[in-house]
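Q: Please take a close look at one part of this structure, the nonpolar core and the residues beside it. A formal account for a newcomer would be welcome.

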Amino acid sequence: MASNEISKLYDRAGLWETRSKQAELKGEYDRAGKLRTKAMQLMAKARRLEEKQRSK
């Protein structure tokens, strides 16, 4: 179940990263930065869960 949650987090992070790139192409650099920050937060959370799962 935890691996399913990790996969979902990575998928969501990918979507936020895509949205960030789309905003950057439109010239909305402020928004792109915020979206990229959200993507990085999701990836970091997924990595933390992976590490926690490995240590068990």
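A: The account below turns to the core and then to two helix residues. This is a predicted model, in which local features need pLDDT of at least 70 and side-chain atom pairs count only at pLDDT 80 or more, while totals for chains, interfaces and linings use all residues. Residues are numbered from 1 along each chain as its sequence is written, and side-chain values use heavy atoms, with hydrogens and water left out.

The largest nonpolar core (buried Ala, Val, Leu, Ile, Met, Phe, Trp, Tyr and Cys residues joined through side-chain atoms within 4.5 Å) consists of seven residues: I6, L9, A13, A39, L42, M43 and A46. At least two of its residues come from each of α1 (2-25) and α2 (29-55); helices are DSSP runs of H or I, at least four residues long, numbered from the N terminus. The largest share, four residues, is supplied by α2. Within the core, and not counting residues up to four places away in sequence, A13 touches A39, L42 and M43, where contact means heavy atoms within 4.5 Å.

E17 also lies in helix α1. Its relative accessible area is 17%, so E17 is buried (under 20%; exposed is over 50%, and partly exposed in between, with a 1.4 Å probe and protein chains only). Leaving aside neighbours within four places in sequence, E17 is in contact with R36 and A39. The side chains of E17 and R36 make a polar contact at 3.1 Å, that is, a pair of N or O atoms within 3.5 Å, one able to donate a hydrogen and the other to accept it; residues adjacent in sequence count only if both atoms are side-chain atoms.

T18 is likewise found in helix α1, but T18 is partly exposed, with a relative accessible area of 41%.
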